[in-house]
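Okay, thanks everyone, let me put the model up and walk you through one helix. Shout if you want me to slow down.

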Amino acid sequence: MPTLLSKPQVSHEYLFWSYETKRAVRMSNWKAVLPGNRKNLELYDLAVDIGETTDLSSRQPDIVAKMRAIIETAYVPK
């Protein structure tokens, strides 16, 4: 909306959303998904995998840890 009103757009470090029991966070090209009540995060590099077909979580433990920390602090149960 700010862009449509010719105002500067605020940049965010990450975007977080949740729906029912699912949670996700997007930071730069990375997207982490916590589907349902599962404990394992799925991690995707959207720059090369827009269809989210290759889970990179086992190859990127540092990014998974950072994304998990964001999900745990950003989620507020109702």
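So, start on the outward side of helix α1, where Pro61, Asp62, Glu72 and Thr73 are exposed. Keep in mind that this is a predicted model, with a mean pLDDT of 89 for the protein and 96% of its residues at 70 or more.

Now, which residues of α1 are buried? Those would be Ile63, Val64, Met67, Ile70 and Ile71. They take up an arc of only 125 degrees around the axis, so they sit on the same side of α1. That's the usual helix logic: with 3.6 residues a turn, residues three or four places apart point the same way.

And what covers that buried set? Among the elements covering the buried residues of α1 are β1, β2, β3 and β4. For orientation, β2 is 22–27 and β3 is 30–34.

The helix itself runs over residues 61–74, so to speak 14 residues, and from first C-alpha to last it reaches 20 Å, close to the 20 Å expected at 1.5 Å a residue.

On confidence, strand β4, residues 42–45, comes out highest with a mean of 98, while β1 is lowest at a mean of 91.

Last stop, the segment before β1 (15–19), which is where you'll find Leu5. Is Leu5 buried, partly exposed or exposed? Partly exposed, because its relative accessible area is 49%, and the cut-off for exposed is over 50%. From Leu5 to Pro61, 56 residues along the chain, the C-alpha atoms are 40 Å apart. Pro61 you've met already, as one of the exposed residues of α1.

Okay, that's me done, over to you.

Technical notes. Residues numbered from 1 in each chain as written. Predicted model: local features only at pLDDT ≥ 70, side-chain atom pairs only at ≥ 80, totals over all residues. Heavy atoms only, no water. Helix = DSSP H or I, 4+ residues; strand = E, 2+ residues; numbered from the N terminus. Buried < 20%, exposed > 50% of the residue type's maximum accessible area, 1.4 Å probe, protein only. pLDDT = per-residue confidence, 0-100. Expected span 1.5 Å × (residues − 1). Arc of directions from axis to C-beta. Contact = heavy atoms within 4.5 Å.
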